[in-house]
Amino acid sequence: MKNIILLYSEETQYQSGTKEYADNLQNLLQDRHRERDLRFHLIPLSDVSNAEVIKRDLKDKLTRYLQNNSSIHFNYTGGTKAMGIHVYQWLAEYAKEKNIPISFSYLDARTFQIVDDRDGRITYDLRDEISLNLEELIRLHGFKRNNETTHDQDLFNDVINKFKEFIGNQKLKDYFSHYKREIFTDEKGKLITSIKKLKSKIVEKNYRPEGTFLEVIKLMPEEYKLFNDDGSFKEPKNREDLERAIEFLDGKWLELYVYKVLRENLTDKNIATYVNWKIKKPGWERPGHEFELDVILIRGYQLVGISCTTSDRKYLCKSKGFEIFLRTRQIGGEEARAALVTRLSEVEKDEIQEELEIDTGGRKNILVLGNDDLREDILVRKIKDFIK
């Protein structure tokens with residue numbers, strides 16, 4: 001039998017509690033290792049910034065679980081610096097006094113290897129040895145999925161391939177020249193949700209799609225065609241079809257394009273690809289208290305969140321960069337990374353890359369891609385380099 005002891009901070013007036021995370025970790029390990037004889041013990045520390053209190057708590061609450069152990073191992077990766085230092089010191093003294101073999105290790109976030117204090121690196125890259133699915137990973141951090149799986153990538157596959165062609169032939173700019181966004185948005189810049197309002201604007205502006213935009217329209221699934229092949233308005237059956245069609249034409253296609261390209265090219269067995277996950281935390285009950293990740297990669301257990309935007313406005317792109325960085329850290333921990341896919345020029349892309357690196361702590365944290373990076377071979381190469 002193996003005893004697994006999880007130390008966590010107790011909820012008090014002066015510190016946040018982390019028992020929820022200890023519970024989540026215990027549940028995951030028990031689900032993963034049902035066949036093994038594991039016994040868990042959760043030990044609260046009442047003041048994680050006070051050395052004497054930490055040592056007192058360990059003596060009062062932990063000693064009973066160590067007396068019959070043949071050996072002790074302490075991984076000090078998590079917790080506050082004070083917790084790590086003082087727990088380490090107390091355990092080392094206790095083991096020496098009781099003549100119990102003890103070892104210590106931590107996870108090197110740069111190499112994803114476990115480093116033993118005495119023996120050095122004792123594992124290879126753990127992303128190649130340990131795999132978590134997205135459901136397990138977000139559950140560890142107290143989140144859950146809040147939408148159902150759709151099959152948009154199959155439904156719109158022909159249209160996505162057309163965008164892939166535009167990007168390869170450098171005709172994407174033509175699409176945005178022919179796609180008149182003002183036709184599909186209201187006075188506040190929000191996408192139109194009313195069939196009557198869209199019809200009225202089309203009549204008022206005497207609008208008919210042409211060029212690359214009409215090419216896309218012709219390939220849309222029948223229920224989401226807003227125009228006939230000759231460019232005349234084709235009224236959708238209901239509001240839901242209208243909203244879905246406009247959302248796709250306005251930018252959802254980029255999310256699905258990125259997902260398709262990465263899914264088809266990142267075929268290593270330890271890389272999983274997901275698209276369009278809405279995520280929330282129990283207790284976030286008010287409307288709007290959820291967030292959405294466009295594309296998600298998991299290499300082993302490391303999460304890479306990707307946000308896609310067809311905007312070419314710097315301030316909007318930078319805002320999305322901050323958001324995807326924050327959200328990936330929330331659900332994937334400190335080792336998570338974030339990528340932002342945009343239509344920015346090379347100069348603007350580099351400017352935002354530099355600004356976000358400064359604000360988030362380094363190049364490894366975030367990657368910004370622009371219009372010149374959308375071509376399949378370039379997109380795949382840059383994402384591969386980013387996650388290796």
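This passage describes two sheets, the helices against them, and selected ring contacts in a predicted model. Residues are numbered from 1 along each chain as its sequence is written, and side-chain values use heavy atoms, with hydrogens and water left out. Because the model is predicted, local features need pLDDT of at least 70 and side-chain atom pairs count only at pLDDT 80 or more, while totals for chains, interfaces and linings use all residues.

Helices (H or I, at least four residues) and strands (E, at least two) are DSSP runs, numbered from the N terminus. Strands pair if DSSP finds at least two bridges between them. One open sheet has 4 strands in the order 3-4-5-6, and its pairing is mixed. Strand 3 (72-75) and strand 6 (120-121) are at the edges. Each has a single partner strand, so one side of each lacks a neighbour in the sheet. Strand 4 (residues 102-108) runs antiparallel to strand 5 (residues 113-116), with 4 bridges. Ser 105 faces Asp 116 of strand 5. Helix 4 (residues 81-98) packs on this sheet and touches strand 3 and strand 4 (contact: heavy atoms within 4.5 Å). Its direction makes about 160° with that of strand 4; axes are lines fitted to C-alpha atoms, for helices over the stretch in contact, and angles run from 0 to 180 degrees between N-to-C directions.

A second open sheet, also of mixed pairing, has 6 strands in the order 7-8-9-10-11-12. Strand 7 (144-145) and strand 12 (366-369) form its edges, each pairing on one side only. Strand 8 (residues 271-280) and strand 9 (residues 291-299) are antiparallel over 8 bridges. Ile 271 has Arg 299 in strand 9 as its bridge partner. Helix 14 (residues 376-387) lies across strands including strand 8 and strand 12, at about 170° to strand 12.

Rings of Phe, Tyr and Trp (its six-membered ring) pair if their centres lie within 6.5 Å; planes under 30 degrees apart are stacked, over 60 edge-to-face, and the rest tilted. The count is 27 aromatic pairs. Tyr 88 and Phe 104 are stacked, at 3.8 Å centre to centre and 15° between the planes. Tyr 88 lies in helix 4 and Phe 104 in strand 4, so the pair ties together parts 16 residues apart in sequence. Tyr 88 is partly exposed at 26% relative accessible area; Phe 104 is buried at 8% (buried: under 20%; exposed: over 50%; partly exposed: in between; 1.4 Å probe, protein chains only).

Phe 176 and Trp 253 form a tilted pair, with centres 6.3 Å apart and planes at 45°. Both are buried. Arg 343 lies over the face of Phe 176, 3.6 Å from the ring centre (NZ of Lys or CZ of Arg within 6 Å of the centre and within 35 degrees of the ring normal).
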